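Biologist: I'd like to learn how to read a structure like this one. Could you walk me through a few features?

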Amino acid sequence: MDVDAEPENAQKIPKPHDVLWLHDGNVVLATDSYLFKVHNSVLSMQSSVFKDMFELPTIDGAQASTSGAGMAPELYEGLPLVKLVGDKGEDVAHLLRAIYERQYYRIDNDETPLEVIIALLLLSTKYDFKHIRRDVIAHISKYYPMSLDQYDEFENVGVIFGEEACKSHFKLLKALHAADVDALLPSVFLACIEYDSETIYERANSLGMEVFRNLVKGRFDLMQDMNDVITRLPGPFLEQAGVYDCRQEGEIRIHGLHNRIDVPNLRDTEGSLVVSHCFGGLCGVCKMRLMNLVNEGRQDIWDLVPTYFGFTVGWDGLQVKLKTILSTESGV
């Protein structure tokens, strides 16, 4: 038996952080694994939560209330100790380094690790660091188009913030939901439903029941409406496009249309793609008319995307919300 081995249930004692133990700091923040000696003035200037926290009256005379009542602060090496309950040491380290180190987080650095992005999003929301929250949301938004034209033009990337795109989409969905960033959620939901059912179910536990339910329901509703557009192609859409009155081409050939059924990816149902791959024997004018009818159907579906995932605000309202976040110096 190894007598030096720590018991499994031994409480981990937090230790001073190597970088964020500042010699002239005047307050100590405590997490599960690290202690941080920082400056209450620096935190108070940027965070209303920390400002209110540090203004609480104490009975040591340093911060007395008008009534004379107060609370005795817990101390560490003679400095006030603030316990950040529920926050992981590594996450708090990311937040504090973003505050103290100008180059630690930059909105133009797409190689920023996903764990840093999520930590900054969640903690800047929790502690009201408005400028950090604003920058992180702007950074994330680059990967999630909010109009159909942007969606069609957006180049799918294999890696987002240093992780496989699939993993990043689902982790960001969970984090954005927790941080109440409604403006981006429909776009992230849309990115997640493009994966197969097995992949979605594998990640169900990490999402939480409410998010998972909205994801599955939205995926089903979108596919049903897109199926309706595709199944109307051989009959009503051909007639509406005036194809049967056209004598410029020979016999109409329809092939592979079944491959466009139950497709949750709207890019795979773009009009020119569907018509060129699935229809033969059409003249150029008829192709264009049919393509436009498909794209009109896609636009109608795009307009409904937020409602598929449980939102009552449409794309216009969501874009206003996002613009408000990104344009105000004071943040959200």
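Modeller: We'll go through the cysteines, a strand, a serine and a glycine in turn. Keep in mind that this is a predicted model.

Biologist: Let's start with cysteines. How many disulfides does the structure hold?

Modeller: The general idea is that a disulfide is a covalent bond between the sulfur atoms of two cysteines. Here the structure holds zero disulfides. Take Cys166: its nearest cysteine sulfur belongs to Cys192 and sits 7.6 Å away, and Cys166 is in no disulfide. Cys166 is also buried, at a relative accessible area of 7%.

Biologist: And Cys286? Why is there no bond between its sulfur and the closest cysteine sulfur, in Cys283?

Modeller: Those two sulfurs are 3.5 Å apart, which is too far for a bond. The cut-off used here is that the sulfur atoms must be within 2.5 Å. As for its surroundings, Cys286 is buried, with a relative accessible area of 2%.

Biologist: Now a strand. Is strand E3 mostly covered or open, and how do I tell?

Modeller: Go through the strand residue by residue, then look at each face. E3 covers residues 34–38, and five of its five residues are buried. On one side you have Tyr34, Phe36 and Val38, on the other Leu35 and Lys37, and both faces are covered.

Biologist: Which strands pair with E3?

Modeller: Look for the bridges and the direction of each partner. Strand E1, residues 15–21, runs parallel to E3 and is joined to it by three bridges. In that pairing, Lys15 stands opposite Tyr34. Strand E2, residues 27–30, is antiparallel to E3, with four bridges between them. Val27 has Val38 as its bridge partner in E3. A hairpin of three residues links E2 to E3.

Biologist: What about a single residue, say Ser187? Is it buried or exposed?

Modeller: For a single residue, ask where it sits, how covered it is and what it touches. Ser187 is part of helix H8, which spans residues 185–193. Its relative accessibility is 5%, so Ser187 counts as buried, the cut-off being under 20%. Setting aside neighbours within four places in sequence, Ser187 contacts Tyr144, Pro145, Met146 and Trp315.

Biologist: Last one: where does Gly314 lie?

Modeller: Gly314 is in the loop between helix H14 (284–308) and helix H15 (315–327). With 34% relative accessibility, Gly314 counts as partly exposed. Its C-alpha atom is 7.2 Å from that of Asp303, although the two are 11 residues apart along the chain.

Conventions. Residues are numbered from 1 along each chain as its sequence is written. This is a predicted model: local features need pLDDT of at least 70, side-chain atom pairs count only at pLDDT 80 or more; totals for chains, interfaces and linings use all residues. Side-chain values use heavy atoms; hydrogens and water are left out. Helices (H or I, at least four residues) and strands (E, at least two) are DSSP runs, numbered from the N terminus. Buried means under 20% relative accessible area, exposed over 50%, partly exposed in between (1.4 Å probe, protein chains only). Contact means heavy atoms within 4.5 Å. Two strands pair if DSSP finds at least two bridges between them.
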